[in-house]
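Trainee: I'd like a close look at one turn in this chain, please. Once we have that in view, walk me outward from there to the rest of the model.

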Amino acid sequence: MDFQSCQQLIACKINTLGSERVSLEAALARVTASLHKAIVPQPEFRQSLRDGYVIGDYGQHVGETVFFPVSGMIPAGRIAPPSLEPEKASRIMTGGMVPKGGTRVLPQEDCVETSRGIEVPLAALKRRNTFIQEQGSEIAAGAEVVQAGTVLLPDHISTLAAVGCEDIEVYNRPRVGYLCTGSELVDTPQELHPGLKVSSNRYLLDGLIRQFGAVPAYLGTVHDSADKLAAIIDKLSYDRYDLVISTGGMGPGKYDLIEQAFINTGGDVLYNGLDLRPGKATLCGTLARTLFFGLPGPPTAVRALMNCIVGPALLQMQGIVKHYPITIQAHLTHDFAVKRPGVMQLKGGILSFNNGRCEVKEASKLMPPCCYLIIPADRASFEKGEPIAVQLTSAPFSSTVGEP
C-alpha cells in the first residue's frame, strides 16, 4: 500500500476518544474537547496603567498648568470609591480600579504635588493616551478563548484561569499497549549474556508514546513463539487498549510470526506492507475496538513510523485536527546518495539555519532526528545545496507528561 492510501485508511478507522473534566492544575498538555469561553472579562474592571492621579471630567482651561485638588488613594486590589467628581483627583496605583467619573490617569512624573493638590501641564491633558485600560478591552465576557482540539500550554492555562475557568473538558488520553518480540531480547542490562541484547525499543516506545499524549503500558518482551504471541495478542481483546504496538517479527523469515498470530486471534488486517522504507514490512489492523500496528524491529524504523503513521493516529484519537507532520523545504549541507532507490524513503535529519537559510543534514545513529528527509521513489541522488522536502517531527507533547 502506498503512503497516502495508508494514512487515509487509518484515519477512517479512528474515532475520537471520550472526554473528562480536569482541574487547571491537571490540564497541562491535555487536549481540549470543547470550546472554552471567557466567563469574566479581561481586565475585569477599568484599571490604571500608571502610578499617578486619576482625574474627573474637566472643562476648558487657559494657561500652561491646571490645578486639581486631591483626595483619597486607590491602591491595586482595593475597590474604588463610588465616583469621582469633575475637576477632582485621587491618587492611584498601577492596576488600581478607576472610579466612575474618572476620565484620565496622569502619570506621577507629569504632576507637581503641592500641599493642596497637583499641578499638571495643560499638554498632559491633551494626550491621546488616557492610561486607562477599559473593562474587557483584552478579552470580552463570552469571547472564545481556547478552541476544541488545542494542546494546552502554560499560556493557555494562565489565560483560562484569568477569565474565570476552574476546570476544563479534555479528551481522554489513549491507552497504548506495546510489546517487543525476539528471543534474543532482554529487558535490562543486568540480564545480558552472550547472544542477547537489551530491547531498546521498550524504552524508545515508552518515550514516544508519551510524546504523543498517550499512556504507555508495557506488555513485555515475547520470544519468537507462535503460541506465546497468540496468547498475548488474544489477551488484548479483553483489555482496554485503544492502540497496540508490536516491534519485530514482521519480515518473511521463519520466526516472523506477528501477522499469523494476529490473524489467528481474530485480527482484521488492513494492510501488511507499505511502499515505503522504512516500513515495507509493516502491519496495521483492528482487533475488536483496538487499532494494532506491527512495526519492524530496528529502532530507526520504529522512530520514523511513529512520527508519520502511528503518532498521528494517536493525535487524531485526541481530537487534534492537524495531526500529520508538517512538511517544509530545506537545503542539503552535503551530497546525498540514495541506497536502493525506487521506493519512497524517510531518512532522519538535523535542521539548522545558516545566513537565514534553512539547511538539513542526515542524522547519524547517535543524533535524535528533528525531521525526516522525504526521498521520492524516482530520485537516486541529491547535490549539496539542493532543496529537499523534510517532514518535521510531530510529537507536540512533553516527554515528561505523566499518567492521569
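**A loop residue and its surroundings**

Mentor: Happy to. Asn 355 sits in the loop that runs between strand S24 (344–354) and strand S25 (357–362). Keep in mind as we go that this is a predicted model. The backbone of Asn 355 deserves a second glance: its phi is near 55°, a positive value in a residue other than glycine. As for its surroundings, Asn 355 has 81% relative accessibility, and it counts as exposed because the cut-off for that class is over 50%.

Strand S24 also leads us to a buried residue. Ile 375 belongs to strand S26 (residues 371–375), and among its contacts beyond four places in sequence are Met 344, Gln 345 and Lys 347. Met 344, Gln 345 and Lys 347 fall within the span of S24, residues 344–354. The other partners of Ile 375, again leaving aside neighbours within four places, are Phe 336, Val 338, Val 343 and Phe 382. Ile 375 has a relative accessible area of 0%, so it counts as buried, the limit being under 20%. For a sense of scale, take Glu 64: it is 311 residues from Ile 375 along the chain, and their C-alpha atoms are separated by 74 Å.

Asn 355 has a counterpart to set beside it. Glu 87 is not a glycine either, and its phi is positive too, near 65°. Glu 87 occupies the loop between strand S5 (65–74) and strand S6 (89–92). Here the setting is intermediate: Glu 87 is at 29% relative accessibility, so it counts as partly exposed, a class that lies between 20% and 50%.

While we are on loops, two peptide bonds are worth checking if you plan to set up a calculation. The bond from Gln 42 to Pro 43 is cis, with omega near -10°; Pro 43 is in the loop between strand S2 (36–37) and strand S3 (47–48). Arg 277 and Pro 278 are also joined by a cis peptide bond, with omega about -5°. Pro 278 lies in the loop between strand S19 (276–277) and strand S20.

Strand S20 (283–287) takes us to helix H5, since S20 is part of what covers the buried residues of H5. In H5 (residues 226–236), those buried residues are Leu 229, Ile 232, Ile 233 and Leu 236. They fall within an arc of 95° when you look down the axis of H5, so they line one face of the helix. The general rule behind such patterns is that an α-helix has 3.6 residues a turn, so residues three or four places apart point the same way. Besides S20, the cover over the buried residues of H5 includes strand S13 (175–181), strand S16 (215–222), strand S17 (243–247), helix H6 (258–264) and strand S21 (290–295).

Lys 228 is in helix H5 as well, but its setting is not that of the buried residues: at 48% relative accessibility, Lys 228 counts as partly exposed. Apart from neighbours within four places in sequence, Lys 228 is in contact with Val 222 and His 223. Ala 261 is 33 residues from Lys 228 in sequence, with 9.1 Å between their C-alpha atoms.

For a contrast, look at Leu 106 in strand S7 (residues 102–107). Leu 106 is buried, with a relative accessible area of 2%. Beyond its neighbours within four places, its contacts are Asp 51, Gly 52, Tyr 53, Ile 55, Cys 111, Ile 118, Val 120, Ala 124 and Leu 125. Yet Gly 182, 76 residues from Leu 106 in sequence, is 76 Å away, C-alpha to C-alpha.

Finally, step back to the whole chain. The secondary structure comes to seven helices and 28 strands. The C-alpha atoms fill a box of roughly 100 × 55 × 40 Å along the principal axes, and the radius of gyration is 31 Å, whereas a compact globule of 404 residues would have a value near 22 Å. Buried residues make up 45% of the chain. Of the contacts between residues at least 6 apart in sequence, 71% join residues at least 24 apart. The accessible surface is about 20200 Å², with 52% of it belonging to carbon and sulfur atoms. As for charge, there are 37 positive and 40 negative charges, and their mean positions are 2 Å apart.

Key: Residues are numbered from 1 along each chain as its sequence is written. This is a predicted model: local features need pLDDT of at least 70, side-chain atom pairs count only at pLDDT 80 or more; totals for chains, interfaces and linings use all residues. Side-chain values use heavy atoms; hydrogens and water are left out. Buried means under 20% relative accessible area, exposed over 50%, partly exposed in between (1.4 Å probe, protein chains only). Helices (H or I, at least four residues) and strands (E, at least two) are DSSP runs, numbered from the N terminus. The arc is that of the directions from the helix axis to the C-beta atoms. Contact means heavy atoms within 4.5 Å. The radius of gyration is taken over C-alpha atoms; the globule rule is 2.2 Å times the number of residues to the power 0.38. Accessible areas come from the Shrake-Rupley method with a 1.4 Å probe; for residues, only the protein chains shown count as cover. Lys and Arg count as positive and Asp and Glu as negative; His and the chain ends are not counted. The place of a charge is taken as NZ of Lys, CZ of Arg, CG of Asp or CD of Glu.
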